[in-house]
Amino acid sequence: MAERATDEPPVLRTARSLLGRIVGHGGVTVRLTEVEAYAGVADPGSHAFRGPTRRNAVMFGPPGHLYVYFTYGMHHCMNVVLSPEGEASAVLLRAGAVVDGLATARSRRGRSSDRDLARGPARMTKCLAIDLSHNGSTIGSTGAGFVLGPAVAVDADSIRCGPRVGLSGPGGDGTAYPWRFWIDGEPSVSAYRPAKPRRRG
DNA sequence: CTGGTGATGATCT
DNA sequence: GATCATCACCAGT
């Protein structure tokens with residue numbers, strides 16, 4: 001069957017539904033203000049695009065788990081996998097506002113304004129003390145201390161979408177699919193800075 | 001605000 | 001060996 005523009009990957013709905021939800025770990029709680037959807041093996045921007053590897057294995061697994069990866073030699077990013085097993089979709093948690101554990105968050109993030117504490121995917125994992133040891137852990141488990149809680153009300157009219165951040169390559173730059181979602185007017189939403197190809201020095 | 005760049009290592013081909 | 005779902009810090013407008 002031909003695809004229609006109105007057919008959107010189910011993970012987009014999941015992504016939007018995560019805005020406003022509470023995430024708590026390591027003594028810090030944030031309210032999600034920005035997320036990004038990655039739609040399985042058909043999505044050239046996704047880690048799952050080239051098929052299963054050891055790194056992305058959690059994406060191909062059952063829903064209800066965290067996919068955490070390490071990048072740029074120093075940063076962690078966290079995703080939630082809520083799609084059916086084998087679909088390999090995930091939602092990157094890009095930014096949030098700290099609503100509890102402010103002192104702990106500040107101490108983890110060093111010199112940073114409060115608005116920047118969890119403003120960006122790597123800042124958020126540092127704020128919440130999430131690292132590779134949490135890859136594959138169950139969402140909501142008390143063992144790992146990770147909790148995906150209820151939503152604080154979000155006005156549907158305030159949800160925006162736009163290009164995904166940091167992607168490059170054939171068929172995969174950020175503007176190909178506007179699958180980054182955020183709450184309009186939230187100070188903690190990360191600034192969009194287009195990816196630029198760079199050479200190593 | 002914008003734009004440039006160094007840091008730093010796991011992962012994949 | 002190249003790439004990377006980034007950030008902190010700097011200088012300029």
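What follows is a walk through a predicted model of a protein chain with two DNA strands.

Let us begin with how far the model can be trusted. Chain A has a mean pLDDT of 89, and 88% of its residues reach 70 or more. Among the elements of chain A, helix H2, residues 57-60, has the highest confidence at 98, while strand S6, residues 147-151, has the lowest, at a mean of 81. As a rule for reading any such model, predicted coordinates should not be read in detail where pLDDT is low.

Now turn to DNA strand C. This strand is surrounded by 24 residues, and the closest are His47, Tyr69, His75, Asn79 and Arg109. Which parts of DNA strand C lie within 4 Å of the protein? Of the atoms in that range, 51% belong to sugar or phosphate, and the rest belong to bases. You can look at each kind of contact in turn. On the phosphate side, an N or O atom in the side chain of His47 is 2.6 Å from a phosphate oxygen of DNA strand C. Pro121 also approaches a phosphate oxygen of this strand, here with a backbone N or O atom at 3.3 Å. On the base side, the side chain of His75 has an N or O atom 2.6 Å from a base oxygen of DNA strand C. Several elements give two or more residues to this surface: strand S3 (65-71), strand S4 (75-81), strand S5 (89-100) and helix H4 (121-128). By class, the residues of the surface near DNA strand C comprise 10 nonpolar, 8 polar and 6 charged.

DNA strand B comes next. Here 13 residues surround the strand, and Thr53, Tyr72, Arg193, Lys196 and Arg198 are the closest. Within 4 Å of the protein, 28% of the atoms of DNA strand B belong to sugar or phosphate, and the rest to bases. Three backbone contacts are worth finding in the viewer. A polar backbone atom of Tyr72 is 2.3 Å from a base oxygen of DNA strand B. Gly73 places a backbone N or O atom 3.2 Å from a base nitrogen of the strand. At Arg55, a backbone N or O atom lies 3.3 Å from a phosphate oxygen of DNA strand B. The surface near this strand has 7 charged residues, along with 3 nonpolar and 3 polar ones.

Now step over to Ser46, which sits in the loop between strand S2 (28-39) and H2. Is Ser46 buried or exposed? Its relative accessibility is 7%, below the 20% cut-off, so Ser46 counts as buried. Leaving aside residues up to four places away in sequence, Ser46 touches Tyr38, Gly40 and Met59. A polar atom of the Ser46 side chain also lies 2.9 Å from the backbone nitrogen of Ala48.

We finish at helix H1, residues 10-18, where Val11, Leu12, Ala15 and Leu18 are buried. Seen down the axis of H1, these buried residues fall within an arc of 120°, so they line one face of the helix. On the other side of H1, Pro10 and Arg13 are exposed. What covers the buried residues of H1? The cover includes strand S1 (21-25), S2, S4, S5, S6 and strand S8 (180-183). Just after the helix, Gly20 takes a positive phi of about 90°.

Conventions. Residues are numbered from 1 along each chain as its sequence is written. Chains are lettered from A and ligands numbered from 1 in the order in which they are written. This is a predicted model: local features need pLDDT of at least 70, side-chain atom pairs count only at pLDDT 80 or more; totals for chains, interfaces and linings use all residues. Side-chain values use heavy atoms; hydrogens and water are left out. A residue is near a molecule or strand if one of its heavy atoms lies within 4 Å of it. A polar contact is a pair of N or O atoms within 3.5 Å; within protein, one must be able to donate a hydrogen and the other to accept it, and residues adjacent in sequence count only if both atoms are side-chain atoms. Helices (H or I, at least four residues) and strands (E, at least two) are DSSP runs, numbered from the N terminus. Ala, Val, Leu, Ile, Met, Phe, Trp, Tyr, Cys and Pro count as nonpolar, Asp, Glu, Lys and Arg as charged, and the others, Gly among them, as polar. pLDDT is the predictor's confidence in each residue, from 0 to 100. Buried means under 20% relative accessible area, exposed over 50%, partly exposed in between (1.4 Å probe, protein chains only). Contact means heavy atoms within 4.5 Å. The arc is that of the directions from the helix axis to the C-beta atoms.
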